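Biologist: Please take a close look at one strand of this model and describe what surrounds it. Start with its pairing, and then work outwards as far as is useful.

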Amino acid sequence: MTASNPLHDESTTAHLDSTAHLMNRISSQLASQLSLVTRDGRRRPEPPALVVVAHGSRDPRALSTVRALLDKVRELRPGLPVHLGHIELNEPLLSDTLAALGDREAILVPLLLSRGYHVKRDIPEMAAESDVRARVAPALGPHPLLVEALYARLVEAGWRTRMDEPTRRKSAVVLAAAGSRDPESKLDTAHTAHLLANRLGVPVIPAYATTAAPTVPDALAALAARGRTRTAIASYFTAPGRFATECAEAAPWMASAPLGTHRAMARLLLHRYDQMAGTPVTAARELASA
């Protein structure tokens with residue numbers, strides 16, 4: 001029997017993944033073009049472009065995750081022009097994406113989970129400095145669709161959907177988030193923790209990887225002191241990265257994966273887009289000058 005060549009297998013898998021991604025993009029673009037024409041051949045008015053604004057990360061897994069998430073958005077809404085822009089660290093930068101759009105209409109949806117400086121200042125200012133007729137959507141959270149994704153990721157990691165009462169009294173979750181100096185960001189994360197606690201039926205404590213308190217280890221220690229020794233980490237991050245990895249490594253029991261490409265995330269991006277579809281196009285400039 002001849003042993004398989006691991007390098008050949010990995011190369012083949014990578015090639016197939018790349019080919020599948022390319023075919024998916026071609027199919028989405030074709031559907032986009034066909035949707036612009038009515039059955040009698042007349043051109044439909046083009047909808048505002050959706051620009052998903054990601055933070056950016058040095059971890060290459062983050063960029064591949066965001067691109068895969070945008071492919072899911074395209075699958076859910078064929079014909080919608082979907083673009084990506086980063087605040088920093090990755091290309092394309094948001095400023096370059098907006099420049100490429102010229103003076104067309106666009107709705108910018110932050111791939112950010114709570115309010116903070118990026119949502120309140122950076123993104124509106126970048127939009128106001130461009131020629132794009134832009135509207136800026138709110139942060140993704142808090143929202144029930146995020147709770148749906150968090151719950152699903154915990155179940156994937158091994159969380160029991162049913163547990164007896166003694167087990168429930170020992171169980172808890174730490175909602176591990178990035179952290180921000182903005183007090184409204186903490187309010188948003190706390191709201192999400194409350195919604196997730198209602199879904200799980202156990203305490204959920206928000207904690208942070210940086211900037212804000214409590215830290216993830218402090219939250220774990222506080223829960224252990226209350227007899228909650230069966231504690232999971234719910235990764236409240238949009239994609240893999242340093243903070244998500246550090247929080248997962250602190251887990252005494254289990255840690256869920258980042259929200260990533262869960263279908264609820266794609267649905268939430270479109271929901272925020274639809275929310276802004278009827279608002280004035282001057283919203284970005286007004287917010288930037290507030």
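Modeller: The model is a predicted one, and in it strand β1 (residues 49-54) and strand β3 pair in the parallel sense over 5 bridges. The strand I will take as the part in question is β3, which covers residues 105-110. On the β1 side, A106 of β3 has A49 standing opposite.

The other side of β3 is also occupied. Strand β4 (residues 133-136) runs parallel to β3, and 4 bridges join the two. Two positions in this pairing can be named: I107 stands opposite R135 in β4, and L108 stands opposite V136 in β4. In general terms, strands of a sheet pair through backbone hydrogen bonds, and the pairing is either parallel or antiparallel.

How much of β3 is buried? Of its 6 residues, 5 are buried, so the strand is largely enclosed by the rest of the structure. A106 serves as an example. This residue lies in β3, and its relative accessible area is 0%, so it counts as buried. A106 can also be placed against a residue further along the chain: A134 is 28 residues away in sequence, while the C-alpha atoms of the two are separated by 5.0 Å. Residue 134 falls within the range of β4, residues 133-136.

Next, the connection from β3 to β4. Helix α4 belongs to it: β3, α4 and β4 make a right-handed β-α-β unit. The helix covers residues 117-128, which is 12 residues, and from its first C-alpha to its last it reaches 16 Å, close to the 16 Å expected at 1.5 Å a residue. Which residues of α4 are buried? They are V119, D122, I123, P124 and A127. H118 is found in the same helix, α4. With a relative accessible area of 25%, H118 is partly exposed, since the buried class ends at 20%. The C-alpha atom of H118 is separated by 9.6 Å from that of A139, and the two residues are 21 apart along the chain.

Stepping back to the sheet as a whole, β3 is part of an open sheet of 4 strands, in the order β2-β1-β3-β4, with parallel pairing. The edges of this sheet are β2 (82-86) and β4, each of which pairs on one side only. From one strand to the next the twist averages 30 degrees.

The far side of the sheet, as seen from β4, is built by β1 and β2. These two strands run parallel and are joined by 5 bridges. In this pair, V53 stands opposite G85 in β2. The chain gets from β1 to β2 through helix α2, and this β-α-β crossover is right-handed. Although β2 is an edge strand, it is mostly covered, with 4 of its 5 residues buried.

The helix of that crossover leads on to another part of the model. Two packed helices are described by the angle between their axes and the distance between the axes. For α2 (residues 60-76) and helix α10, the axes come within 9 Å and cross at roughly 65 degrees. That angle makes α2 roughly perpendicular to α10, and the crossing of the two is right-handed.

Helix α10 (residues 263-276) also packs with helix α5 (residues 144-157), at an angle of about 170 degrees and with the axes 8 Å apart. An angle over 145 degrees counts as roughly antiparallel, and α5 is therefore roughly antiparallel to α10. The crossing of α5 and α10 is left-handed.

Last, there is a further sheet, to which β3 does not belong. It is open, its 4 strands follow the order β6-β5-β7-β8, and the pairing is parallel. At its edges stand β6 (204-208) and β8 (254-255), each with a single partner strand, so one side of each has no neighbour in the sheet. The partner of β8 is β7 (residues 230-235), which runs parallel to it and is joined to it by 2 bridges. In this pair, I233 has A255 of β8 as its bridge partner.

To return to the part you asked about: β3 pairs with β1 over 5 bridges, is joined to β4 by 4 bridges, and is largely enclosed, with 5 of its 6 residues buried.

Conventions
Residues are numbered from 1 along each chain as its sequence is written. This is a predicted model: local features need pLDDT of at least 70, side-chain atom pairs count only at pLDDT 80 or more; totals for chains, interfaces and linings use all residues. Side-chain values use heavy atoms; hydrogens and water are left out. The expected span of a helix is 1.5 Å times one less than its number of residues. Buried means under 20% relative accessible area, exposed over 50%, partly exposed in between (1.4 Å probe, protein chains only). Two strands pair if DSSP finds at least two bridges between them. A crossover is right-handed if, with the strands pointing away from the viewer, the path from the first strand over the helix to the second runs clockwise. Axes are lines fitted to C-alpha atoms, for helices over the stretch in contact, and angles run from 0 to 180 degrees between N-to-C directions. Angles under 35 degrees count as roughly parallel, over 145 as roughly antiparallel, 65 to 115 as roughly perpendicular and the rest as oblique. A crossing is left-handed if the near helix is turned anticlockwise from the far one by less than a right angle, and right-handed if clockwise.
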